[in-house]
Amino acid sequence: MSAPILQVSDLRVTFDVPVRGGWPWTPPRKLQAVGGISFDLSPGEVLGVVGESGSGKSTLARAIVGTVPSTGRILFDGRDIGALSAEERRAHRRDVQMIFQDPLAALNPRMTVGDIIAEPLTTHFPKTPRAEVRQRVRDLMERVGLLPNLVNRYPHEFSGGQCQRIGIARALILNPKLLICDEPVSALDVSVQAQVVNLLRELRREMGIAMVFIAHDLSVVRHISDRIMVMYLGRLMETAPARQLVERPRHPYTQFLISSVPIPDPALEKARPRPVLEGDLPSPLSPPSGCVFRTRCPKAKPKCAEVPPPPYDVAPGQRATCHYWNEPTPMMQAAE
Amino acid sequence: MAFHDPTADALQAPARPDKGRSLWTDARRRFFRNRAATVALVALVLIAVFAFLGGFIAQYERDYVDFSLIGINATKGVPSIATGHYFGTDQEGRDLFARTVQGTRLSLLIGVVGSMVAVIVGTLYGAISGYFGGRVDSVMMRVVDILLSIPFMFVLILMLVMFGRSLLMLFIGIGLISWLSMARIARGQTLSIKNKEFVEAAIATGVRPLTIILRHVVPNLLGVVIVYATLLIPEMIIYESFISFLGLGVQEPNTSLGALISRGAGQIGNGVPWQLGFPLFFFVVMLFAFFFVGDGLRDAIDPKDR
């Protein structure tokens, strides 16, 4: 394996939440959206990130891209992003591009599709001749499956799936080394989801782009990822190669997530037990002590409230942050 | 509205890049479907033509005084085609038609200039303040708050008294205050636009902040700004008229609708109703037209309608 393109260590993102009705100088409450995430990403590798809403997936993506301030270290191609000057950081953004959740909202409604796709190019290489820009845009539109003669149309004239293709074309025009996909398919309907996921897989195979693929739907993520990371309340729960995670999950939260993926066979689906995760995500303003998952965990013990679990190496390439990872989960037994 | 499939269209004419329907085109179509607004726009165009070309029809100079008419206005200064005084004469025996043309032109200019200043300065100020946020925003908006809290009519009158009554002073005075509320509106809009994903996409791409403001923020708040600017024009005209009504506005031989109305109102008991009627007619029609056009624009550009 070659040197990792992206190394993230102990990434934390904390937001200030102003106290309601407080004075301007009242110290704000701290909301930790991402709490100490570390991972490496090799060139051409796809890392899937799953977790329910509010688990800090999107914040993680924004921290990597650098649109929210974070602490911890992010090394991209061996360079520390945090140490870059504003100008260097702008140049660095050539290599990292992002695809957004809401395909239409991510496109400026007053710009034509051609201008939108060309924007990264004209921003970083303003001297590119116009004819060349136009040619690149047309090539890319064809590449992502859009008719190139739609360049002068406006975003609102396209469907959600087409808009997402426009977003992908914009992200690819500079041949980035890393693509951050923030729930790129959750706003699309299922048949279009498959098209977009397949497009991303093809692009990755042809161009060798590394990706961080975020979704709340495990069945989509396991389709495209080499490795999967499960997050809960901003913390890492479990990480493993995609197959291994799906077939042999060790963390109770991952087990619940996997059992909630429907089986596309009504008979089987009816027959299997459906353990349901009770309760809601605790408020990230006052996370539970110790293990953050303990309030909903069926096998929580007193130790879970006292000692936050470190990531245990449970198998080659698989880590789970649970003290009792090798004990069976009560409600899951029937399922196994 | 017929839905058409862009892909199907494109297949029919594969070679030529086809033209998109921008949001502006849509808005224009909606605007012209609104009958009241269209009529008002036509009225405005006619008034503008009257104000800028009416001087060619006028038979007299606006400052030509016909001494023979002074004192017998009510009988000899009646509006008539034969004498060439289409709108009659005023108290001094000057041609009211020529004076109304000039007054309308001045009032229009005041309104348009005031609102242009508001659009340019106010929009940029508000967009910058809202986009950068935080301390920059606080300081910039407090400045606006302070300026807004000064009773501007009072200051304007003081300025006119101190620096002398000149057209330039009037433009400066009106320009100074017109952008304040526009800046607030632009800032509010910017606050919601800057959290949209396309702005984040631009930041993530590495676009410079000023380019983001000009390319991504301003075009998207322009709809609201245009509507507000259209409604601001009549407001400016009213301010100017009020100042002129007080006798502090334009100086003779220049005049404005406000000054004409003031003079006409003074003569109301002397049997010369045209001296009030004609300026008032143009004043009211112009204001109504601006309000209707503004309303029509608001309906056409309203983002919820998309």
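Let me start with one residue pair in chain A: A:Gln97 stands opposite A:Leu179, which belongs to strand E7(A). Before going further I should say that what we are looking at is a predicted model, and I will keep to what can be read from its geometry.

That pair belongs to the pairing of E6(A) with strand E7 of chain A, residues 178-182, and these two strands run in the parallel sense over four bridges. They are part of an open sheet of eight strands in chain A, arranged in the order E6-E7-E8-E3-E9-E10-E12-E11, and the pairing across this sheet is mixed. At the edges stand strand E6, residues 96-99, and strand E11, residues 312-315, both of chain A, and because each has a single partner strand, one side of each is left without a neighbour in the sheet. From one strand to the next, the twist averages 20 degrees.

Let me now move along that order to E9(A) and E10(A), which run antiparallel and are joined by six bridges. One register point to keep in mind is that A:Met229 has A:Thr239, in E10(A), as its bridge partner. The two strands form a hairpin with two residues between them, and in the turn A:Leu233 has a positive phi of about 50 degrees. On to the next neighbour: E10(A) also runs antiparallel to strand E12 of chain A, residues 318-320, this time with two bridges joining them. Here A:Thr239 comes up again, since it stands opposite A:Arg319 in E12(A). As for its surroundings, six of the seven residues of E10(A) are buried, so this strand is largely enclosed by the rest of the structure.

What lies across this part of the sheet? Helix H9 of chain A, residues 252-259, lies across strand E3 (46-50), strand E9 (227-232) and strand E10 (235-241) of chain A, and it runs at about 105 degrees to E9(A). Seven of the eight residues of H9(A) are buried, so this helix, too, is largely enclosed by the rest of the structure. The buried residues are A:Pro252, A:Tyr253, A:Thr254, A:Gln255, A:Phe256, A:Leu257 and A:Ile258. Their cover includes the strands E3, E9 and E10, together with helix H7 (218-224) and helix H8 (242-247), all elements of chain A.

Chain A also has an open sheet of four strands, in the order E2-E1-E4-E5, and its pairing is antiparallel. Its edge strands are strand E2, residues 29-41, and strand E5, residues 79-80, of chain A, each of which pairs on one side only. Strand E1 of chain A, residues 6-17, pairs with E2(A) in the antiparallel sense over 10 bridges, and within chain A we find A:Thr14 opposite A:Gln32 in E2(A). Helix H1 of chain A, residues 57-65, lies across E1, E2 and strand E4 (71-76) of chain A, running at about 70 degrees to E2(A).

Turning to helix packing in chain A, the axes of helix H5 (residues 160-172) and helix H6 (residues 190-207) of chain A come within 10 Å and cross at roughly 15 degrees. That angle makes H5(A) roughly parallel to H6(A), and the crossing is right-handed. From H5(A) the contact takes A:Gly160, A:Gly161, A:Gln164, A:Ile168 and A:Leu172, and from H6(A) it takes A:Val192, A:Gln195, A:Val196, A:Leu199 and A:Leu203. By class, that contact has six nonpolar, four polar and no charged residues.

In chain B, I would point to helix H5, residues 96-132, and helix H12, residues 274-301, which pack at an angle of about 30 degrees with their axes 10 Å apart. H5(B) and H12(B) are therefore roughly parallel to each other, and H5(B) passes H12(B) in a right-handed crossing. On the H5(B) side we have B:Leu96, B:Thr100, B:Gly103 and B:Thr104, and these meet B:Trp274, B:Gln275, B:Phe278, B:Pro279 and B:Phe282 in H12(B). The residues of this contact divide into five nonpolar, four polar and no charged.

Finally, the contact between the two chains takes 29 residues from chain A and 26 residues from chain B. On the side of chain A that touches chain B, the largest share, four residues, comes from helix H3 of chain A, residues 113-124. By class, that side of chain A has 13 nonpolar, eight polar and eight charged residues.

Note on methods
Residues are numbered from 1 along each chain as its sequence is written. Chains are lettered from A and ligands numbered from 1 in the order in which they are written. This is a predicted model: local features need pLDDT of at least 70, side-chain atom pairs count only at pLDDT 80 or more; totals for chains, interfaces and linings use all residues. Two residues are in contact if their C-beta atoms, placed from the backbone, lie within 7 Å. Ala, Val, Leu, Ile, Met, Phe, Trp, Tyr, Cys and Pro count as nonpolar, Asp, Glu, Lys and Arg as charged, and the others, Gly among them, as polar. Two strands pair if DSSP finds at least two bridges between them. Axes are lines fitted to C-alpha atoms, for helices over the stretch in contact, and angles run from 0 to 180 degrees between N-to-C directions. Angles under 35 degrees count as roughly parallel, over 145 as roughly antiparallel, 65 to 115 as roughly perpendicular and the rest as oblique. A crossing is left-handed if the near helix is turned anticlockwise from the far one by less than a right angle, and right-handed if clockwise. A residue is buried if 20 or more other C-beta atoms lie within 10 Å of its own, exposed if 12 or fewer, and partly exposed in between; C-beta atoms are placed from the backbone.
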